[in-house]
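Let's take a walk through a protein together. Keep the picture open and look for each residue as it comes up.

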Amino acid sequence: MASSRAGTSSTGTHRGNRHGRSEEARQAVLEAADDLLAERGFAGVTIEGIAARAGVAKQTIYRWWPSKVDVLLEAFTEDMAEHLTPEDLGDLGADLRVHLARLAEFLTESDPGAVFRALTGQAQHDPQLATRLRDDHLSHQRARDALPLRRAVERGDLPADLDVDLALDRLVGPIYYRVLVTGAPVTREFTNALVAAFLHAWEHGPR
């Protein structure tokens, strides 16, 4: 995961962002948080540990983020935007099959997926975190998940009055259910079957 993040410029100098943070140091902190959570679990991640792994001062992290939760939320949000923005292949079935498979792999096999599972577990005991995770972070991913459906509506492949929220629940809901509840495998066959069932229901359902 770490290698996929944006790095420094070719000269090796730090690039400040609009928050005045060194981009190189910021990325190092986010990568360290991801890696430590994957290795040690949520309880094992500390600001001290992140600072040591990232090679920055603890005070530097506290200037940028109030807590380890804020570090993990930013890391998770950036990873979702980078890896889970659906491609536009011009065909609804292909778009959905690729995106759902990528979503399943992200949630089950990647370090950011481990961050998501940890944050979701912690949110069960922290209503404020639950609200932030849902309203400030997952809502943006839900909008990205909807892109293949909205593009299909624009092309005329789906009706203009499609209930996008209900369609999303049918397509991605079972993936999250397996990841967070049953622990059952989320295979490519499973995600392809979700797409096939959705397309079949739309093509053969009442008009």
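Let's start with a pair of charged side chains: D157 and R155 form a salt bridge, and their closest N and O atoms are 2.8 Å apart. Are these two buried or exposed, or something in between? D157 counts as partly exposed, because its relative accessibility is 33%. R155 is partly exposed too, with a relative accessible area of 33%. Keep in mind that what you're looking at is a predicted model.

Now zoom out for a moment. The protein chain has ten helices and zero strands, so if you trace it from the N terminus, the elements simply read α-α-α-α-α-α-α-α-α-α. There are 207 residues in the chain, and buried ones make up 43% of them. If you take the contacts between residues with a separation of 6 or more, 60% of them involve residues 24 or more positions apart.

Back to the salt bridges, then. How many are there? The count comes to twelve. One of them joins R132 and D70, whose side chains meet at 2.7 Å, N to O. R132 sits in helix α7 and D70 in helix α4, so this pair ties together parts that are 62 residues apart in sequence. The two partners differ in how covered they are: R132 is partly exposed, with a relative accessible area of 26%, while D70 is buried at 15%. The cut-off behind those words is 20%, because buried means under 20% relative accessible area.

Another salt bridge runs between E48 and K58, with the closest N and O atoms 3.4 Å apart. This pair also links distant parts of the chain: E48 is in helix α2 and K58 is in helix α3, ten residues apart. E48 counts as partly exposed, at 44% relative accessibility, and K58 is partly exposed as well, with a relative accessible area of 31%. Salt bridges can also join up into something bigger than a pair: E23, R26, E74 and E78 are linked in a network of them.

Since E48 took us to helix α2, let's stay there. This helix covers residues 47–54. Which of its residues are buried? They are I47, G49, I50, A51 and A54. If you're wondering about the spacing, here's a handy bit of background: an α-helix has 3.6 residues a turn, so residues three or four places apart point the same way. And what covers the buried residues of α2? The cover includes α1 (23–40), α3 (58–64) and α4 (68–83). Just after α2 comes G55, which has a positive phi, near 75°.

Next, let's see how helices pack against each other. Two packed helices are described by the angle between their axes and the distance between the axes. Take α6 (residues 111–123) and α7 (residues 127–145): their axes come within 7 Å and cross at roughly 135°. That makes α6 oblique to α7. On the α6 side, the residues that meet α7 are F116, L119, T120, Q122 and A123. Their partners on the α7 side are P127, L129, A130, L133 and L138. Sorted by class, this contact has eight nonpolar residues, two polar ones and no charged ones.

Helix α6 meets α1 as well. At what angle do these two cross? Their axes cross at roughly 70° and come within 9 Å. α1 and α6 are therefore roughly perpendicular to each other. Here D34, D35, L37 and A38 in α1 meet D111, P112, A114, V115 and A118 in α6. By class, the contact of α1 with α6 has six nonpolar, no polar and three charged residues. Put that beside the contact of α6 with α7, where there were no charged residues.

Our last stop is Q141, which is found in helix α7. With a relative accessible area of 1%, Q141 counts as buried. What does its side chain do there? The side chain of Q141 makes a polar contact with the side chain of R144, at 2.9 Å. Set aside the neighbours within four places in sequence, and Q141 is in contact with M80, L84 and H99. Find Q141 in the picture, and then look for those three around it.

Key
Residues are numbered from 1 along each chain as its sequence is written. This is a predicted model: local features need pLDDT of at least 70, side-chain atom pairs count only at pLDDT 80 or more; totals for chains, interfaces and linings use all residues. Side-chain values use heavy atoms; hydrogens and water are left out. Axes are lines fitted to C-alpha atoms, for helices over the stretch in contact, and angles run from 0 to 180 degrees between N-to-C directions. Helices (H or I, at least four residues) and strands (E, at least two) are DSSP runs, numbered from the N terminus. Angles under 35 degrees count as roughly parallel, over 145 as roughly antiparallel, 65 to 115 as roughly perpendicular and the rest as oblique. Contact means heavy atoms within 4.5 Å. Ala, Val, Leu, Ile, Met, Phe, Trp, Tyr, Cys and Pro count as nonpolar, Asp, Glu, Lys and Arg as charged, and the others, Gly among them, as polar. Buried means under 20% relative accessible area, exposed over 50%, partly exposed in between (1.4 Å probe, protein chains only). A polar contact is a pair of N or O atoms within 3.5 Å; within protein, one must be able to donate a hydrogen and the other to accept it, and residues adjacent in sequence count only if both atoms are side-chain atoms. A salt bridge is a side-chain nitrogen of Lys or Arg within 4 Å of a carboxyl oxygen of Asp or Glu.
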